[in-house]
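Student: I would like a close look at a single part of this model, namely how one strand sits among its partners and in the core. Please give the cut-offs as you go.

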Amino acid sequence: MTDPIISRDSPEPVVTADDPIPAPLNRIPTPVAPAPDILRCAYMELVVTDLAASRAFYVDVLDLIVTEEDENTVYLRSFEEFIHHNLVLRKGPVAAVAAFAYRVRSPHDLDLAVAFYEELGCRVERRAEGFTTGIGDSVRVEDPLGFPYEFFYDVAHVERLSWRYDLYTPGALVRLDHFNQVTPDVPRAVAYMEDLGFRVTEDIQDEHGTTYAAWMRRKPTVHDTAMTGGDGPRMHHVAFATHEKHNIIAICDKLGALRRSDAIERGPGRHGVSNAFYLYLRDPDGHRIEIYTQDYYTGDPDNPVVTWDVHDNQRRDWWGNPVVPSWYTDASPVLDLDGELQPVVARTEDSEMEVTIGADGFSYTRKDDEAHGFKLGNTL
Ligand SMILES: [Fe+2]
């Protein structure tokens, strides 16, 4: 463990050998039961209020592949996927997230998931027939942070369309890349996720050691999910990968041509965190979708952890472009296992938006710069 505190002398991200986020005093107890072996984020179940409008957005605009559908549900996958779905759109009365689903290594890992969460005192439900079409034996839990998590192994295989260049479109989405969750207490969330087997790859802190966000992975990319500090539990976004940057530009061009440029919330741009190229969209219900490409390999056990200063203007956008306020404030509610909205708990620590803009906030491109009205101090 190395010193997590941002040095005032180091404007570049701080690189350490291990998770630099201080262990919280209020941490969720570590279960004695071993964690399930999670492979990757696999799919999200979204509740949408207008199924036709959502289908048009995800299928006609974003070109996701329809694996199966009925009058209430659409099962979608990306071009390189071989499991039944990466996204479920289910018609319902309130736009929300019903499940963040992870694939585990073996059927035995479902037994481990049950024991792990029961020891934590969480509500656990296991269904041999699965919770969604195409998936068999599954476990859903209300996790200690209030998120509906699912674990499954058994799943229907479908055609992997990787070589179907006759079907590819300029903005083709090729993989589900990650989730992003909003939670009030990031260090507490990170400690629990590390017990679940996740490893931190990058984070944002300040000179006082306050943690604003953390990125965590199982598969060897920058993340399978991130914890963003804010009122939660809420879902910040779900991200799909394209092969290359130009695919993201093509999505922007298509949205413009369709006179749907107002679906673009932020970007396109280059992230500081993750080094990925990005675009944030809002679907017809306001659910946030990120299109993401070209982050980096993180699979070695001693993968260096990158810590960004919250005041570094280039952490969220490498080119210093503004983060729109809605990106910080808006997120989707999540459901409990009865389908009811989970209550939201307010963040009490400093907010990233407030410490980086306004009368009390500041940000810099180079440390000790003076504000001159162009970018510096004007971004979020
Ligand atoms: Fe993301």
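Tutor: Strand β4 (residues 73-77) and β5 run antiparallel and are joined by four bridges. Helices and strands here are DSSP runs, numbered from the N terminus, with at least four residues for a helix (H or I) and at least two for a strand (E). Two strands count as paired if DSSP finds at least two bridges between them. The model is a predicted one, in which local features need pLDDT of at least 70 and side-chain atom pairs count only at pLDDT 80 or more, while totals for chains, interfaces and linings use all residues. Residues are numbered from 1 along each chain as its sequence is written.

Across the β4 pairing, L76 stands opposite L87 in β5. Strand β5 (residues 87-91) also pairs with strand β2 (residues 38-48), in the parallel sense and over five bridges. In that pairing, L87 in β5 is the bridge partner of M44. Both bridge partners of L87 return in its list of contacts, a contact being two residues whose C-beta atoms, placed from the backbone, lie within 7 Å. Neighbours within four places in sequence left aside, L87 touches Y43, M44, L46, Y58, L64 and L76.

L87 and M44 also belong to the largest nonpolar core, which has 95 residues; they are listed with V97, V190 and A214 as the residues with the most contacts inside it. This core takes at least three residues from each of domain 1 (15-31 + 168-333) and domain 2 (38-152). The domain bounds come from an automatic or database domain assignment. A nonpolar core is a set of buried Ala, Val, Leu, Ile, Met, Phe, Trp, Tyr and Cys residues joined through C-beta atoms within 7 Å. Buried means that 20 or more other C-beta atoms lie within 10 Å of the residue's own, exposed means 12 or fewer, and partly exposed is in between, with C-beta atoms placed from the backbone.

A loop residue adds another view. A172 is found between β9 (148-152) and β10 (175-183), and it counts as buried because it has 23 C-beta neighbours inside 10 Å. Its contacts, again without neighbours within four places in sequence, are D63, F79, T242 and N247. A172 and D63 are 109 residues apart in sequence, yet their C-alpha atoms are 6.4 Å apart.

For the chain as a whole, buried residues make up 46% of the 380 residues. Of the contacts with a separation of 6 or more, 70% are between residues 24 or more positions apart.
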